[in-house]
Structure formats: structure tokens, C-alpha cells
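Q: I am new to this structure and would like to learn how to read it one feature at a time. Could we begin with what it means for a residue to be buried?

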Amino acid sequence: MKIIALAALATALATPAAHAGVYANVEANSSRTGANYESTTTDIHVGYEGGGEKFGYFIQGGPAIVAVDGADSYQSLSGKVGGNFQATEAFGVYGEISVLTAEDSDDDNSWGTKIGAKYSF
């Protein structure tokens, strides 16, 4: 988590802020396999976003409530860092790295990545 925070801070300092600010973000992500509900993780984050005309970034984090089917819910910490680059007026790319701390210190944290491209007509 410290590496993610330091990378985001370095990016923030290296990029002139055309728009920047603090925000709150609440997001619930549920998973199912077929008709079987498995879990919902609700992130309650505070974040900071900024960037310029071509590049944007964000960093956010806070508690996460994990509700697993058939088990007691528990609280973890989660965070995300990401950015986007607008290559042309119509085409841009974006990416995100996320982490959710494990319920038990003997378990591994959960990591996720997202990368994509968007073309506007």
C-alpha cells in the first residue's frame, strides 16, 4: 500500500493540476457465479484526483465492508490508484491498481488491475 501511495504522490507532484480535488466515493461490488451469490464488498473511500488536459490521475482509500454469503461480514482496508491518458480527442487509455487487505494476517491481500481504451465517435 505504501508503494502505491508513493507512486501516486510522485505522479501528482509531476503533473500540473488543471482540475484537482478531494472527493468521497462509496462503491459496492458484488460477485455471482451462475445463480449463486458469493459476496459484496462495499468501499467507503476518500480520494484525490487531478491532472491536466491530456493526463488525469486519482488515489483513494478507506474501509471496506466485506459480506460473504453464509459467513459473518468483516471490515478490511482498500485502496485504488489510477490514471488516464487522452492520446487524441477521440481516443484515450486508462488503468487502475486496487488492493483489499486480507481478513486474517496469515492470508494474502487481494490485488486487482484494470486497463482499457476508449474511442469516442
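A: A residue counts as buried when its relative accessible area is under 20%. This is a predicted model, and in its chain of 121 residues the buried ones make up 26%.

Q: How much accessible surface does the chain have, and what share of it belongs to carbon and sulfur atoms?

A: The accessible surface of the chain comes to about 8,100 Å², and carbon and sulfur atoms hold 57% of that area.

Q: Which helices and strands make up the chain, and in what pattern do they follow along the sequence?

A: The chain has one helix and six strands, and reading along the sequence gives the pattern α-β-β-β-β-β-β. As for contacts, which are heavy atoms within 4.5 Å, among those with a separation of 6 or more, 44% join residues 24 or more positions apart.

Q: What is the volume of the largest pocket, and which residues are closest to its centre?

A: The largest pocket has a volume of about 260 Å³, and of the 17 residues that line it, Asn29, Asp43, Lys80, Glu96 and Ser98 are the closest to its centre. Two or more lining residues come from each of β1, β2, β4, β5 and β6, and by class the lining has four nonpolar, eight polar and five charged residues.

Q: Which strand gives the largest share of the lining of the second largest pocket?

A: That strand is β4, with four residues. The second largest pocket holds about 160 Å³ of space, and its lining, which includes Phe58, Lys80 and Tyr94, divides into two nonpolar, six polar and four charged residues.

Definitions and conventions: Residues numbered from 1 in each chain as written. Predicted model: local features only at pLDDT ≥ 70, side-chain atom pairs only at ≥ 80, totals over all residues. Heavy atoms only, no water. Buried < 20%, exposed > 50% of the residue type's maximum accessible area, 1.4 Å probe, protein only. Areas by Shrake-Rupley, 256 points an atom, 1.4 Å probe, with all protein chains shown as cover. 1 Å grid on protein atoms, 1.4 Å probe; cavity = no way out; pocket = protein on both sides within 12 Å on 5 of 7 lines; lining within 4 Å. Points joined across faces, edges and corners; volume = space filled by probe spheres on them. Nonpolar A, V, L, I, M, F, W, Y, C, P; charged D, E, K, R; others polar.
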